[in-house]
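Trainee: I have a new structure open on my screen and would love to walk through it with you. Could we take it piece by piece?

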Amino acid sequence: MTTPTHLDPSALGTKSYWDTAYTTERQNFSSNAADEGTIWFSDAGAEERMLGFLEDLEDEGCLRKEDDEDGATRFLDLGTGNGHLLFALREEGWSGGMVGVDYSAQSVGLAGEILDGKRRDEGEEYADIAFMEWDILSQAPGTWLGGGFDVVLDKGTFDAICLSQETDAQGRRVCEGYRERVEPLVRKGGRFLITSCNWTEEELRGWFEGEGSGLEFEGKVKYPSFTFGGKTGSSVVTLCFKRV
């Protein structure tokens with residue numbers, strides 16, 4: 001499977017863009033605690049569909065909402081933004097440890113402030129959630145990695161990285177090194193669930209499968225489809241890969 005061609009760089013691929021965006025969202029939240037910021041891909045219902053897909057995996061015995069002899073499923077959210085995806089998981093009864101990381105300090109600050117409010121209002125239900133500033137492309141994981149996560153989530157983060165014009169030490173666009181940075185975060189037998197609006201199913205599989213990859217395509221989330229120019233597709237794609 002061939003790697004897709006690159007996207008044209010955009011401001012959405014820069015850290016300064018996201019620092020500015022989350023500075024504004026923090027200011028909005030401080031003046032109105034009901035305004036927790038943007039939920040990405042909400043028009044497509046992506047978050048709800050991701051949650052439904054995870055529920056199906058739990059029904060099949062692949063994941064665990066509650067503690068058992070193997071422990072409850074641990075989640076890592078890459079590019080967590082305002083942390084909404086992790087909060088939604090907790091509201092749906094997922095009780096395991098959760099970590100949200102983002103390279104924007106303003107994002108982490110916003111998510112932490114929202115979390116503080118939830119802990120104050122709803123107590124211990126939100127005790128085992130942590131947010132931290134971390135750049136997946138340039139930093140080694142901290143002690144929070146443990147033995148790896150059962151589920152690693154990406155809702156639009158790879159999309160943003162693909163819009164960066166920065167290059168790595170090998171002279172590649174930074175998006176080319178993303179898979180090799182993600183893979184060690186997923187424990188053996190764990191899942192990587194990624195949602196994109198910039199890539200088709202075939203293109204996403206081209207980025208994450210293939211020679212040298214320890215990720216294997218397992219399934220996809222169903223979205224309403226449309227047909228244009230003789231091709232059928234959807235505006236948002238969510239794929240699940242299993243680390244083998």
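Trainee: Let's begin with Lys118. Which helix is the place of Lys118?

Mentor: Happy to help, and keep in mind that this is a predicted model. Look along the stretch of residues 105-122, which forms one helix. Lys118 has its place there, in helix H4.

Trainee: Is Lys118 buried or exposed?

Mentor: Buried means under 20% relative accessible area. Lys118 has a relative accessible area of 10%, so Lys118 is buried.

Trainee: Which residues is Lys118 in contact with, leaving aside its neighbours within four places in sequence?

Mentor: Set those sequence neighbours aside and a short list remains. Among them are Glu36, Phe87 and Glu91. The list is completed by Gly123 and Tyr126.

Trainee: H4 also seems to belong to a β-α-β unit. Which handedness does the unit of E2, H4 and E3 have?

Mentor: Strand E2 covers residues 98-102, and strand E3 covers residues 129-133. E2 and E3 run parallel and are joined by five bridges. Together with H4 they make a β-α-β unit that is right-handed.

Trainee: Which residue in E3 does Met98 stand opposite?

Mentor: Met98 lies on the E2 side of this pairing, and its counterpart is found in E3. That residue is Ile129.

Trainee: Now to strand E1. Which residues point one way from E1, and which the other way?

Mentor: In a regular strand the side chains alternate between the two faces of the sheet. E1 spans residues 75-78, and all four of the residues in question are buried. Phe75 and Asp77 point one way, and the other way point Leu76 and Leu78.

Trainee: Through which helix does the chain cross from E1 to E2?

Mentor: E1 and E2 run parallel, with four bridges joining them. The crossover between them is a right-handed β-α-β one. The helix on that path covers residues 84-91 and is H3.

Trainee: Phe75 caught my eye. What are the residues opposite Phe75 in E2 and its bridge partner in E4?

Mentor: In E2, Phe75 stands opposite Met98. E1 also pairs in the parallel sense with strand E4, residues 149-155, over four bridges. In E4, the bridge partner of Phe75 is Val151.

Trainee: Next, Arg179 and Trp207. What separates the C-alpha atoms of Trp207 and Arg179?

Mentor: Arg179 is found in helix H6, residues 178-182, while Trp207 lies in helix H7, residues 201-208. Both count as buried, Arg179 at 15% relative accessibility and Trp207 at 7%. Trp207 is also one of the contacts of Arg179, along with others including Phe208 and Leu215. The two are 28 residues apart along the chain, and their C-alpha atoms are separated by 7.3 Å.

Trainee: What about Arg49: buried, partly exposed or exposed?

Mentor: Arg49 lies in helix H2, residues 46-59. Its contacts, leaving aside neighbours within four places in sequence, include Ala44, Val221 and Tyr223. The C-alpha atoms of Arg49 and Tyr223 are separated by 8.2 Å, although their positions lie 174 residues apart along the chain. With a relative accessible area of 32%, Arg49 is partly exposed.

Trainee: And Thr23, what separates its C-alpha atom from that of Gln106?

Mentor: Thr23 lies in helix H1, residues 15-31. Thr23 is partly exposed, with a relative accessible area of 28%. Thr23 and Gln106 are 83 residues apart along the chain, and their C-alpha atoms are separated by 5.6 Å.

Trainee: Stepping back, what radius of gyration does the protein chain have?

Mentor: The secondary structure comes to seven helices and nine strands, and 48% of the 244 residues count as buried. Along its principal axes the C-alpha trace spans about 50 × 45 × 40 Å. A compact globule with 244 residues would have a radius of gyration near 18 Å, so the chain agrees with that at 18 Å.

Trainee: Last one: which feature does UniProt place at residues 71-204?

Mentor: Over residues 71-204 the chain is 31% helix and 24% strand, and the end C-alpha atoms are 31 Å apart. The UniProt entry is unreviewed, and the feature it places there is "domain: Methyltransferase".

Technical notes:
Residues are numbered from 1 along each chain as its sequence is written. This is a predicted model: local features need pLDDT of at least 70, side-chain atom pairs count only at pLDDT 80 or more; totals for chains, interfaces and linings use all residues. Side-chain values use heavy atoms; hydrogens and water are left out. Buried means under 20% relative accessible area, exposed over 50%, partly exposed in between (1.4 Å probe, protein chains only). Helices (H or I, at least four residues) and strands (E, at least two) are DSSP runs, numbered from the N terminus. Two strands pair if DSSP finds at least two bridges between them. A crossover is right-handed if, with the strands pointing away from the viewer, the path from the first strand over the helix to the second runs clockwise. The radius of gyration is taken over C-alpha atoms; the globule rule is 2.2 Å times the number of residues to the power 0.38. Contact means heavy atoms within 4.5 Å. UniProt positions are given in the numbering used here, feature names are shortened, and annotations may be inferred rather than shown by experiment.
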